[in-house]
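Visitor: I have a new model open on my screen and would like some help reading it. Could you walk me through it, feature by feature?

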Amino acid sequence: MIKLSHIEKTYDSPSGPVKALRGIDLTIGRGEIYGIIGLSGAGKSTLVRCINMLERPTAGQVFVDGREMTALTPAELREARKSIGMIFQHFNLLSSATVYDNVAFPLKLAGMSAGDIRQRVEPLLKLVGLEAKAHQYPSQLSGGQKQRVGIARALASEPKVLLCDEATSALDPQTTKAILDLIRDINQKLRLTVVVITHEMQVIKEICDKVAVIDKGVIAEQGPVLEVFTNP
Ligand code: ADP
Ligand code: ADP
């Protein structure tokens with residue numbers, strides 16, 4: 001479903017070039033929950049942003065669902081991005097929009113009619129357990145509820161891939177568990193491929209099938225979670 005081939009990313013900065021990724025090869029199968037773990041600054045966020053091309057790799061190829069993302073025109077890329085949803089550590093919700101309108105936002109941007117939007121949004125709010133909160137604003141919600149809105153919004157364009165960038169790092173352990181359970185539930189119900197970026201081992205152990213350990217822009221180790229984390 002996702003294939004990264006020899007990905008390199010170098011940022012220009014005032015103090016000179018920063019090599020964030022130095023040759024990443026990674027294959028993620030359809031329906032897998034794949035974890036990417038590493039210390040702060042290891043390159044995790046750059047890696048996940050190369051999958052949806054929020055960052056353009058300096059070298060290498062990115063394939064998602066059979067399409068070479070690195071070869072698309074800007075218009076083709078906008079279309080292809082609809083197959084990739086993303087959730088964030090700090091939720092990135094619109095504070096002046098209700099729960100309903102936050103989830104509807106990407107569909108409005110895509111020009112969908114109000115009736116079609118309603119048919120898409122209502123089941124999503126139900127799926128994440130927020131049907132009673134549709135008309136509340138983000139400031140009225142707990143952290144876990146805000147991330148449920150983020151998840152519903154990410155699913156609005158019916159993606160095949162869900163990218164989670166430190167999605168539970170701002171949540172307490174109990175809420176983290178509930179959100180991870182929801183992500184696994186969605187992975188199974190919608191047969192969605194999920195990529196989980198985290199610095200927390202517990203998150204990987206809780207829901208991931210496979211894991212890649214990233215260190216200074218290279219993959220130090222990868223494989224099934226049980227194999228990678230039971231080495232002496
Ligand atoms: P992680 O997500 O693992 O914390 P990042 O991908 O955010 O790592 O960062 C990897 C490296 O790239 C770090 O050295 C970071 O400082 C650098 N970096 C990230 N984004 C930028 C940017 N926009 N400009 C310059 N350097 C950056
Ligand atoms: P948690 O214990 O999960 O962090 P909170 O204590 O923040 O949750 O909220 C508990 C309940 O109260 C939630 O259902 C939330 O939506 C509701 N709530 C919190 N703040 C407000 C508010 N300012 N106005 C209306 N409802 C609120």
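Guide: We'll go from a sheet to a helix, then to the ligand, and end with a strand pair and two loop residues. Keep in mind that this is a predicted model.

Visitor: Let's begin with the open sheet of four strands. What is the order of its strands?

Guide: To read a sheet, walk across it from one side to the other and note who sits beside whom. Here the order is E2-E1-E4-E5, and the pairing is antiparallel. The edges are strand E2 (18-28) and strand E5 (67-68), each of which pairs on one side only.

Visitor: How many bridges link E1 and E2?

Guide: Eight bridges, with strand E1 (residues 2-11) and E2 paired in the antiparallel sense. For a concrete spot to click on, find glutamate 8: arginine 22 in E2 stands opposite.

Visitor: And how do side chains go along a strand?

Guide: In a regular strand, they alternate between the two faces of the sheet.

Visitor: Now the helix. Which strands does helix H1 lie across?

Guide: For a helix on a sheet, look at which strands lie under it and at what angle it runs. Helix H1 (residues 44-51) lies across E1, E2 and strand E4 (59-64). Relative to E1, H1 runs at about 125°.

Visitor: Threonine 46 caught my eye. Is threonine 46 buried or exposed?

Guide: For that, check the relative accessible area; under 20% counts as buried. Threonine 46, which is found in helix H1, has a value of 8%, so it is buried. Leaving aside residues up to four places away in sequence, threonine 46 touches Lys9, Tyr11, Ala20 and Leu21.

Visitor: On to ligand 1. Which residues are around ligand 1?

Guide: List the shell, then ask which elements supply it. Around ligand 1 you'll find Tyr11, Val18, Ala20, Leu39, Ser40, Gly41, Ala42, Gly43, Lys44, Ser45 and Thr46. So the threonine 46 we just looked at is one of them. E2 and H1 each supply at least two residues of this shell, and the largest share, three residues, comes from H1.

Visitor: Which backbone atoms come up against oxygen atoms of ligand 1?

Guide: Try three pairs. A polar backbone atom of alanine 42 is 3.1 Å from a ligand oxygen. For glycine 43, a backbone N or O atom lies 3.0 Å from an oxygen of ligand 1. At serine 45, the distance from a polar backbone atom to a ligand oxygen is 2.8 Å. As for cover, ligand 1 on its own has 560 Å² of accessible area, and the protein covers 61% of that.

Visitor: Why is strand E6 called largely enclosed?

Guide: Count its buried residues. In strand E6 (residues 84-88), four of the five residues are buried, so the rest of the structure largely encloses this strand. E6 runs parallel to strand E7 (residues 161-165), and five bridges join the two. One bridge pair to look up is isoleucine 87 with cysteine 164 in E7.

Visitor: Last one: where should I look for positive phi values in residues other than glycine?

Guide: Go to two loops. Asparagine 92 has phi near 55° and is found in the loop between E6 and helix H3 (99-109). With a relative accessible area of 44%, asparagine 92 is partly exposed. Glutamate 158 has phi near 50° and lies in the loop between helix H5 (143-155) and E7. Glutamate 158 is exposed, at 55% relative accessible area.

Notes:
Residues are numbered from 1 along each chain as its sequence is written. Chains are lettered from A and ligands numbered from 1 in the order in which they are written. This is a predicted model: local features need pLDDT of at least 70, side-chain atom pairs count only at pLDDT 80 or more; totals for chains, interfaces and linings use all residues. Side-chain values use heavy atoms; hydrogens and water are left out. Two strands pair if DSSP finds at least two bridges between them. Contact means heavy atoms within 4.5 Å. Axes are lines fitted to C-alpha atoms, for helices over the stretch in contact, and angles run from 0 to 180 degrees between N-to-C directions. Buried means under 20% relative accessible area, exposed over 50%, partly exposed in between (1.4 Å probe, protein chains only). A residue is near a molecule or strand if one of its heavy atoms lies within 4 Å of it. A polar contact is a pair of N or O atoms within 3.5 Å; within protein, one must be able to donate a hydrogen and the other to accept it, and residues adjacent in sequence count only if both atoms are side-chain atoms. Accessible areas come from the Shrake-Rupley method with a 1.4 Å probe; for residues, only the protein chains shown count as cover.
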